[in-house]
Amino acid sequence: MSARSTTEGGARVIEAGRPPERYARGWHCLGLTEQFKDGEPHEIEAFGTKLVVFQAAESGRLHVLNAFCPHMGGNLAHGTVKGDAVACPFHDWRWGGDGKCAGIPYAHRVPPRARTRAWRTLEENKQLFVWHDPQGAPPPEGVTIPRIEGAFSDEWSDWTWHSLRVDGANCREIVDNVVDMAHFFYVHNSFPTYFKNVFEGHVATQYMNSAPRTDMTAADTVASAGDLRSDASYHGPSYMIDHIWVEQDGATVETVLINCHYPVSPDSFVLMYGAIVKKLPGMTDEMAAAAAAETSQGLATGFEEDVAIWRNKTRIDNPLLCDQDGPVYQLRRWYEQFYVDAEDVRPEMTDRFEFEIDTERAVQVWKAEVEENLARRAAADAATAGEK
């Protein structure tokens, strides 16, 4: 993913190649575990096919299989859970969590080769993950999902959770935001004052501080409450944990946000996001839940703003950058490690890389814009008052 400079009559020409046909190697979150533990099979459209998620009635474990029955193609997600197996609605073939056929009620014996694909799963942070690798290899040592202690503590709220399918965009559009400081001001009405990226191994991190925009209200930006510090890391290609601290009314509100996705097709994906909030002294469960819901609503607004951009922009493989843009090409080089064969991962994709943006120029410009907005608003208010 090296930079190119295609020109036509002196003008930069956008190169918008086709998104990769293969899907990223790594852990992908399918949602909160509780949504799959109702005794029913659940259909997930992902990785160019359909999966079935079900909880074994006896062991209580969650399993993920290819959804289409190898017998005659019935959709197991439309079947029923029977014991520790999911039964096809077409001919009642039973499939265990290991992918082996566990029984055929009308047959004398099960064909010895009767098995379907069972996906490697992980339950962490009260969420369900599947491992995807085009080469069929297990996760390398050390590549896992970090445990979020707050998700298991009574001192924190429960998860809020939202899911949104985005068509007409590749997963790379989400990940590009890791290095994009300027869009936080123009799209999300935030005011970054510090911005740094660190990429190393399978982790890409964004460190950001932001201040309230005095020309915005709480409905316009989640950063209006006070100074905000964010440490957000992608662990692999699709799961971001964002630790956020906001100074509000003399107290520090601590939040953990999740931003994750899984691919449906090369040009569509399901975006999911949620939050937990640490309870302040004297805060009840209901108050914590309300705080988490408020934070989650701010997330929803922000992602809706992103989605509006993604749905109307073009894919661009050769972005034309200025000196205050983030390390887009370096991020994409890091991201490429998940799309090539494991033996083709090069050191420059995983070696430690650090980049801090000098925010002085941006802060000066944005302060001036905020002051102009406030002056314009004051003039309009004065004119309205004069008419009364």
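**Stop 1: helix 4**

Select V328, Y329, L331, R332, W334, Y335 and E336: these residues of helix 4 are buried. The model you are looking at is predicted. Now widen the selection to the whole helix, residues 328–336. Helix 4 is mostly covered, with seven of its nine residues buried.

What covers the buried residues of helix 4? Switch on the surroundings and look for strand 2 (11–12), helix 1 (172–176) and strand 14, which are among the covering elements. Strand 15 (203–210), strand 16 (228–235) and helix 5 (347–350) also belong to that cover.

**Stop 2: the whole chain**

Zoom out. The protein chain has six helices and 20 strands. Its C-alpha trace spans about 90 × 60 × 45 Å along the principal axes. Of its 388 residues, 47% count as buried. Turn on the surface: the accessible area comes to about 19,000 Å², and 50% of that belongs to carbon and sulfur atoms. Consider the contacts between residues at least 6 apart in sequence: 59% of them join residues at least 24 apart.

**Stop 3: a three-stranded sheet**

Select strand 4 (42–46) and strand 6 (62–66). Add strand 5, residues 49–55. These three strands form an open sheet in the order 4-5-6, with antiparallel pairing. Strand 4 and strand 6 are the edges, each pairing on one side only. From one strand to the next, the twist averages 30°. Strands of a sheet pair through backbone hydrogen bonds, either parallel or antiparallel.

Start with the pairing of strand 4 and strand 5. It runs over five bridges. Pick A46 and find its bridge partner T49 in strand 5. Then pick E45, which stands opposite K50 in strand 5. This hairpin has two residues between its strands, and F47 takes a positive phi near 55°.

Move across to strand 5 and strand 6. They too pair in the antiparallel sense, over five bridges. V52 has L65 in strand 6 as its bridge partner. Here the hairpin has six residues between the strands, and G60 takes a positive phi near 80°.

Is strand 5 enclosed or open to the outside? Five of its seven residues are buried, so strand 5 is largely enclosed by the rest of the structure.

**Stop 4: the nonpolar cores**

Select L30, I148 and Y239. They have the most contacts inside the largest nonpolar core, which has 34 residues. Several strands each supply at least two residues of this core, including strand 3 (26–32), strand 4, strand 5 and strand 6. Others on that list include strand 12 (127–132), strand 17 (239–248) and strand 19 (268–277). Which strand gives the largest share? Strand 18 does, with five residues.

Center on I148. Leaving aside neighbours within four places in sequence, I148 is in contact with N125, W159, Y239, I241, V256, I258 and I276. Apart from this core lies another, of 32 residues. Pick A24, V179, M240 and V307 to find some of its members.

**Stop 5: T160**

Go to T160 in strand 13, residues 160–167. Is T160 buried or exposed? T160 has a relative accessible area of 15%, so it counts as buried, the cut-off being under 20%. Show what touches T160, not counting residues up to four places away in sequence: Y273, G274, A275, A292, A293 and S296.

**Stop 6: salt bridges**

A search of the whole structure finds 22 salt bridges. Begin with K196 and E354, whose closest N and O atoms are 3.1 Å apart. This pair links distant parts of the chain. K196 sits in strand 14 (residues 192–200) and E354 in strand 20 (residues 353–356), 158 residues apart. E354 is partly exposed, with a relative accessible area of 40%.

Add R352. Its salt bridge with E354 has closest N and O atoms 2.8 Å apart. R352 counts as partly exposed, at 48% relative accessibility. Now include E200: salt bridges that share partners join K196, E200, R352 and E354 into one network.

Finish at D215 and R213. Their side chains meet in a salt bridge, at 2.8 Å from N to O. Both D215 and R213 are buried.

Technical notes:
Residues are numbered from 1 along each chain as its sequence is written. This is a predicted model: local features need pLDDT of at least 70, side-chain atom pairs count only at pLDDT 80 or more; totals for chains, interfaces and linings use all residues. Side-chain values use heavy atoms; hydrogens and water are left out. Two strands pair if DSSP finds at least two bridges between them. Helices (H or I, at least four residues) and strands (E, at least two) are DSSP runs, numbered from the N terminus. Axes are lines fitted to C-alpha atoms, for helices over the stretch in contact, and angles run from 0 to 180 degrees between N-to-C directions. A salt bridge is a side-chain nitrogen of Lys or Arg within 4 Å of a carboxyl oxygen of Asp or Glu. Buried means under 20% relative accessible area, exposed over 50%, partly exposed in between (1.4 Å probe, protein chains only). Contact means heavy atoms within 4.5 Å. Accessible areas come from the Shrake-Rupley method with a 1.4 Å probe; for residues, only the protein chains shown count as cover. A nonpolar core is a set of buried Ala, Val, Leu, Ile, Met, Phe, Trp, Tyr and Cys residues joined through side-chain atoms within 4.5 Å.
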